[in-house]
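Dear colleague,

I am handing over the structure we spoke about, and below it you will find my notes on what turned up in it. Please read them with the coordinates open beside you.

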Amino acid sequence: FYLTQDMGLFPRNAPDRPLWALVSLFLSRLSFGGDSALPFNLFSAICGAVGVFVIYWVARNAIVLCFHDDREDPQKLLAARLAGAAAGGALGFCSAYWTTATRGHWSSFQVFMLLFAAWLFFKILKNGGTRGTLIFCFLYGLGVVEYPTFIVFAPLFVSGLLLSIWRRKQLTPRYCVAMVGCAFAGLLLYVPAAAAFYHSPGYELKEYGGFHEVIWFMWRDQWWLISRGLPQQGWLLVLILTAVPWLTGLAVAKRALGGEQDWSFRVLHVVITGVVIAVLLNAKIAPWSMLGTAKLLVFPYVLIASLFGYLVAYWFFAPGTWVESTAKRRKAATMGRVLAITAFLFVCWLPFRNFADGNGRHAGAVREFANDVIRSMGEKTWLITTGVWDPHLQIAADEQRKTVRLLDISRAHDEQYHVYLSRFFESPKLKSRLRIGLMPMLREWAVTDADFESKCAAEGHPDVWI
């Protein structure tokens, strides 16, 4: 359904995701071999691939910053590279990310945006630079409008940025005002996003009260996505399995990679490793196994992938902290390499384990079915449906360059849908019947229009003709 809105085949019901809407406007004008959805799928795949590359650099830079000294040591740089590669592989082949990256979905684009912001953030922490800081603030403002997860991580990014600037002794009122101004400039994206939606078919369908109300609903919807984005049942388990281990790793990373020898750190990392592996393997308690595509949660897997990269770096060095003699440390270093190789074998196995989830070829049968239905309509312009295949039918009609109006009887009591349908009827009598309900209008239309049978076809529920 979301793809038909992105392609302009059905009115957008909200002005959210304005940058994705802008990209969709461009993609909807492309067509490869008559396949309208292919440009969206390709763009998602490109964003997904670039996102994997970016998380490599994010994890690599994060690990390097965790080392207390001698950050140019070859072994430490090797561990950082291994961490980045492991994070990229875990993200690219986890079920949730793989599913969205191989379909025309906005998640891979939004995740790429946040990962790019994280990469720029670590670059600023490492090298400083006023221009890079101001660009980061502007991009982060844009991200807040596009993707509510930016709001969730804002305290972490802001505190880290201010601490870095303070350490460089550049934290002045003028600098702070410049950063706030750049962030505010990015937040101004709310205005053109609301303006583009104002008086659109979706605006009239939702019956907004004015421009200011559009802005207010954008903020409300973002708050709802943050506060209600997790499932009502199982939300605590999702947090315990993803956010809590990630925050724990964030809190102990410097000490753990600095050679901490306390036994409790070893136990903690064994537990975290077990949780991460269980989530990546889609155990019954994992978010993907509990929710699937019904409530598609992608970003928790970004956290898990980055945490997996950190764990590879930790276990690469951990055996060396268990012994004191030089001879034993050589054996411990070998053991660390074995653990790292084991982690990579696990990552190499993931695509075979999760291939069924990422494979979208089975949708080809649905596409062929929708194409056959549209072709069988001939010159008819209305199709009465059960609502199950409507998005596929709309895309098929668009690919065949046919004007087909769908009449979904499963939404017989949806008043907003009735408002949308009334745009296609000139008869005041049919419009008044729509105010009563969809079925009364359909009966009136069948009785009063002599050309009803030549205009309408029905898909499913053939007893509707009776």
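**Aromatic pairs and their surroundings**

By the ring-centre rule, which pairs rings whose centres lie within 6.5 Å, the count comes to 37 aromatic pairs. One of them joins F112 and F116, whose ring centres are 6.2 Å apart and whose planes meet at 40 degrees, making the pair tilted. Both residues belong to helix α6, which covers residues 107-127, and they stand 4 residues apart, or about one turn of the helix. F112 has a relative accessible area of 22% and is therefore partly exposed, and F116, with 31%, is likewise partly exposed.

A second pair is made by F153 and W246, and because the planes of their rings lie at 80 degrees, with the centres 5.8 Å apart, the pair is edge-to-face. Here the contact links distant parts of the chain, since F153 sits in helix α8 and W246 in helix α13 (residues 235-257), with their positions 93 residues apart. Buried means under 20% relative accessible area, so F153, at 12%, counts as buried, and W246, at 16%, is buried as well.

Beyond these pairs, F10, W382, Y417, Y420, F424, F425, W445 and F452 form one aromatic cluster.

**Charges over rings**

Two tryptophan rings are worth viewing together with an arginine. The charged end of R17 sits over the ring of W106, at 3.6 Å from its centre, while R220 lies over the face of W224, 3.9 Å from the ring centre.

**A nonpolar surface patch**

On the surface, V158, L162, L163, W166 and L171 form a nonpolar patch, with about 460 Å² of accessible area together. W166, one of its members, lies in helix α8, which runs over residues 149-167, and its relative accessibility of 56% means that W166 counts as exposed. Helix α8 thus carries W166 as well as F153, of which W166 is exposed and F153 is buried.

**Helix α4**

How far apart are the end C-alpha atoms of helix α4, and does that distance agree or disagree with the span expected at 1.5 Å a residue? The 20 residues of helix α4 (residues 74-93) should span 28 Å, and the end C-alpha atoms are 28 Å apart, which agrees. Of those 20 residues 14 are buried, so helix α4 is largely enclosed by the rest of the structure.

Please keep in mind throughout that this is a predicted model.

With best regards

Technical notes
Residues are numbered from 1 along each chain as its sequence is written. This is a predicted model: local features need pLDDT of at least 70, side-chain atom pairs count only at pLDDT 80 or more; totals for chains, interfaces and linings use all residues. Side-chain values use heavy atoms; hydrogens and water are left out. Helices (H or I, at least four residues) and strands (E, at least two) are DSSP runs, numbered from the N terminus. The expected span of a helix is 1.5 Å times one less than its number of residues. Buried means under 20% relative accessible area, exposed over 50%, partly exposed in between (1.4 Å probe, protein chains only). Patches are made of residues with over 30% relative accessible area and no salt bridge: like charges are joined within 9 Å, nonpolar side chains (Val, Leu, Ile, Met, Phe, Trp, Tyr) within 5 Å. Accessible areas come from the Shrake-Rupley method with a 1.4 Å probe; for residues, only the protein chains shown count as cover. A salt bridge is a side-chain nitrogen of Lys or Arg within 4 Å of a carboxyl oxygen of Asp or Glu. Rings of Phe, Tyr and Trp (its six-membered ring) pair if their centres lie within 6.5 Å; planes under 30 degrees apart count as stacked, over 60 as edge-to-face and the rest as tilted. A charge sits over a ring if NZ of Lys or CZ of Arg is within 6 Å of the ring centre and within 35 degrees of the ring normal.
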